[in-house]
Protein chains: 2
Amino acid sequence: MSRTVLTREQVLEAADDLVRQHGPDALTMRGLAARLGTAVTSIYWHVGNRESLLDALVERTVEEMGAIQPTGRTPATRIVSVARRLRGELHARPHLIAMVHERGLTERVLLPAQRALVREAHTAGLRGARAAEAVRAVQFQVVGFVLVERARELAQDETPGRERPRKSASARKDPALARALARPADPERLFTASMRALVKSLLAQGST
Amino acid sequence: MSRTVLTREQVLEAADDLVRQHGPDALTMRGLAARLGTAVTSIYWHVGNRESLLDALVERTVEEMGAIQPTGRTPATRIVSVARRLRGELHARPHLIAMVHERGLTERVLLPAQRALVREAHTAGLRGARAAEAVRAVQFQVVGFVLVERARELAQDETPGRERPRKSASARKDPALARALARPADPERLFTASMRALVKSLLAQGST
DNA sequence: ACCTGAACACCGTTCAAGT
DNA sequence: ACCTGAACACCGTTCAAGT
């Protein structure tokens, strides 16, 4: 591609492209070198090794995500808005989620959102350890949800329709429920619903 | 090890040992063959390839987990008890979680617990789509939580103390909160607390 | 300071050949 | 039916040598 001297930035850029298009597994040092038109070993000079290259990629994307502004009137709706935005940001970068997760950088990604959440918990009347617990509960819920969602998407791609669930005794008693469980979940809806449920209970502790 | 003829069961057993002790990455076809004292290619004859070997391993462990009995008086406490037991089961098999997750078999692991959850939602007065949503919310919460926890543990092993969070404006106003957030979260406590919060709100919908 | 090819020590998988 | 060694096409990484 480029005729000029190779820079660390160019290596990162090309690696980022590769990961975005085909996932982290598609990023091989040899493939990357070929793409850049250099010897494999040049890449090692610029980024150390594969592991630290991926680290740099994650750091890059996390910075790019930036802060999150809450919207809405009540603390509850504002917290849910932060959660939804955070989910959206993570969803826009499907491969990033797995990489952050594997690297244990979850806390790092959550830091910008944490500030906003703390502020809202405070206005809702929560203090000290109780506020911290509420903030963390929301954070865990968001990341956990996105991870499960992602796994579900991958599963659909690779094994479409693995096994029909058998009808249980309680299913026969409530066919509407059985039908709802047979359908794949609508993640957007489910996320908002459980987030609202969680936040409602957490904030209720502030006023008692 | 064994002098007799090689069986599929022996291959699975040895593979299971390896994964349990050193994780899925440690499972190489060559290493496994060496451990069993056979040629690599014999293993291929018995289990197909590495991918289906891992699939078989997951299936095996999931069956081993079995059903989950709720305890407690009210539907809320019974649901929370199922959630806690499920978390415990998953936690007792650290490597399994990652494997199930990567393979998109989350739903499969959750099936036994789902029956119990449906029953409790029903006794709590939830019906149809609303009951399904509650059940799924709980399931997502459990798996998500465990995934986040696991990532956190891995992170601790590899990068102890990456970066101290700076003191924010709101942290200075509530030092107890700041201290609580600086400490690593107690997952057991946090899990139970947010599970209770979630379930409380979800079931409240049944009586309105 | 930056780039190179050759080489090392690994992988998973296939295949033709054995018994 | 079951097992084998050889070979293929990949990996990440190191190292001595170039400019």
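Seven nonpolar, seven polar and three charged residues make up the protein surface near DNA strand D. Here Ala, Val, Leu, Ile, Met, Phe, Trp, Tyr, Cys and Pro count as nonpolar, Asp, Glu, Lys and Arg as charged, and the others, Gly among them, as polar. "Near" means that a heavy atom of the residue lies within 4 Å of the strand.

This is a predicted model, where local features need pLDDT of at least 70, side-chain atom pairs count only at pLDDT 80 or more, and totals for chains, interfaces and linings use all residues. Residues are numbered from 1 along each chain, chains are lettered from A and ligands numbered from 1 in the order written, and side-chain values use heavy atoms, without hydrogens or water.

**Who surrounds the strand**
- DNA strand D has 17 residues around it, and the closest are Arg30(A), Thr41(B), Ser42(B), Trp45(B) and His46(B).
- H3(B) gives the largest share of this surface, with four residues.
- At least two residues each come from H2 (29–36) and H3 (40–47) of chain A and from H3 (40–47) of chain B; helices are DSSP runs (H or I, at least four residues), numbered from the N terminus.

**Atoms that meet**
- Sugar or phosphate accounts for 47% of the strand D atoms within 4 Å of the protein, and bases for the rest.
- The side chain of Arg30(A) has an N or O atom 2.3 Å from a base nitrogen of strand D.
- A phosphate oxygen of strand D is 3.0 Å from a side-chain N or O atom of Tyr44(A).
- A polar backbone atom of Leu6(B) is 3.1 Å from a phosphate oxygen of strand D.

How values were computed:
A polar contact is a pair of N or O atoms within 3.5 Å; within protein, one must be able to donate a hydrogen and the other to accept it, and residues adjacent in sequence count only if both atoms are side-chain atoms.
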